[in-house]
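Visitor: I would like to go through this structure label by label and hear the reasoning behind each one.

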Amino acid sequence: QRVKVTLPGLGPFLAMVIENRQKYFALSYPQGPATPDGFSWKGQQIGMHFWRAEDAGYFLKTRVLDDFLNQKYPIIHVAHSDEVVRTQKRQSVRVKLNLPGFVYPLRSIQGANEMEESSPGLRCRLKDVSEDGAALMVGGKTKAGLPAKIQFDLGANRVVMCGVVKGVNFDNAKNVSLLHLQAVAPSPRTRNHILTYVYNLFGEQEQVKA
C-alpha cells in the first residue's frame with residue numbers, strides 16, 4: 001500500500017506500508033523534500049493520504065511513534081487513528097491530459113488484453129482519461145464502432161487500455177479526429193494506476209494548459 005505523507009508546511013513524502021500491527025503502522029522511510037539538519041520523524045504530527053483498492057481515497061491525521069533511520073532498512077512507526085476521512089468516492093472522474101500515446105486496432109473487442117505492445121502503433125494525443133475510458137486525438141478521419149487498444153504513460157506507470165470508439169469529432173480544417181473510447185473493465189492494477197493519477201495522490205499529474 002503506497003501512502004502520501006505530509007507535515008505542516010512540508011511535503012508530500014512517499015512511503016509504503018510495510019506492516020500493520022495492532023498498535024502501529026510500520027512505513028518505509030518517507031522519501032521527499034529535504035528536511036532540516038537533525039530532523040527526526042519521532043513525535044511529528046503528520047497527515048496520511050492513501051487509496052484503498054476498489055473503494056476510495058482516504059485521509060487521516062496521526063503521530064509518528066518512532067524513527068528508525070539508523071536501521072539496515074530505515075522505517076518509521078506511525079500510530080493508528082480513530083478518525084479516517086473518506087476523501088474521494090470511487091466513481092468515473094476524468095482528468096484532462098495532453099500526453100503522447102499509441103493506438104492499436106483490434107479485430108474485435110473480444111481480443112481485448114492489457115499486454116504491452118513493443119512495436120509503435122498509430123500516434124495519438126491523450127486528451128482525458130478515467131477508469132471507464134479516454135479521449136484521444138488522431139490524424140485523419142475515422143468512424144465510431146472501432147475496437148482499439150491504447151498505450152500510454154501516466155506518471156511512472158505504463159497503462160494499456162482497450163475499448164470501443166463510441167463517438168468521433170472530426171476537424172476538417174486540421175484533418176484530425178477526437179475519439180471517445182469506452183473502455184472494457186480494466187484490471188485492478190490498471191484501475192489503480194488510473195485512479196491514483198486522476199486523484200493526483202502522489203503529485204504526478206501534468207499541468208494541462210487551457
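Guide: A salt bridge here is a side-chain nitrogen of Lys or Arg within 4 Å of a carboxyl oxygen of Asp or Glu. By this rule the count comes to six salt bridges. The model is a predicted one.

Visitor: What makes D128 and R94 a salt bridge?

Guide: Their side chains meet at 2.8 Å, N to O, and the cut-off is 4 Å, so the pair qualifies. D128 lies in strand β9 and R94 in the loop between β7 (84-89) and β8, so the contact ties together parts 34 residues apart in sequence.

Visitor: Why is D128 called buried, and why is R94 called partly exposed?

Guide: Buried means under 20% relative accessible area. D128 has 18% relative accessibility, so D128 counts as buried. R94 has 41%, which falls between 20% and the 50% limit for exposed, so R94 is partly exposed.

Visitor: What makes R191 and E131 a salt bridge?

Guide: The N to O distance is 3.2 Å, and the limit is 4 Å, so this pair also qualifies. R191 is in helix α1 and E131 in the loop between β9 and β10, 60 residues apart. With relative accessibility of 10%, R191 counts as buried; E131 is buried too, with 6%.

Visitor: Which residues are joined into one network by salt bridges that share partners?

Guide: The network consists of E116, D153 and R158. Within it, the side chains of R158 and E116 meet at 2.7 Å, N to O. R158 belongs to strand β12, while E116 sits in the loop between β8 and β9, 42 residues away. R158 is partly exposed, because its relative accessible area of 34% lies between the limits of 20% and 50%. R158 in β12 is also the bridge partner of D153.

Visitor: How do you know that β11 and β12 pair?

Guide: Pairing requires at least two bridges. Strand β11 (residues 147-154) and strand β12 (residues 157-171) are joined by eight, in the antiparallel sense, so they pair. They form a hairpin with two residues between them, and G155 in the turn has a positive phi of about 60°. β12 also pairs with strand β13 (residues 176-183), antiparallel and over eight bridges. In that hairpin four residues lie between the strands, and N175 takes a positive phi near 55°.

Visitor: Why is V164 called buried?

Guide: V164, in strand β12, has 17% relative accessibility; the limit is 20%, so V164 counts as buried. Beyond its neighbours within four places in sequence, V164 is in contact with residues including I109, L146, H180 and L181.

Visitor: What makes F13 and W41 an aromatic pair that is edge-to-face?

Guide: The rings are 5.1 Å apart, centre to centre, with 85° between the planes. Centres must lie within 6.5 Å, and planes over 60 degrees apart count as edge-to-face, so both conditions are met. F39 and W41 form an edge-to-face pair as well, at 5.3 Å and 85°. Ring pairs thus link F13, F39 and W41 into a cluster.

Visitor: Is W41 buried or exposed, and how is F39 classed?

Guide: W41 is buried, because its relative accessibility is 2% and the limit is 20%. F39 stands at 21%, so F39 counts as partly exposed.

Note on methods. Residues numbered from 1 in each chain as written. Predicted model: local features only at pLDDT ≥ 70, side-chain atom pairs only at ≥ 80, totals over all residues. Heavy atoms only, no water. Buried < 20%, exposed > 50% of the residue type's maximum accessible area, 1.4 Å probe, protein only. Contact = heavy atoms within 4.5 Å. Phe/Tyr/Trp six-rings, centres within 6.5 Å; stacked < 30°, edge-to-face > 60°.
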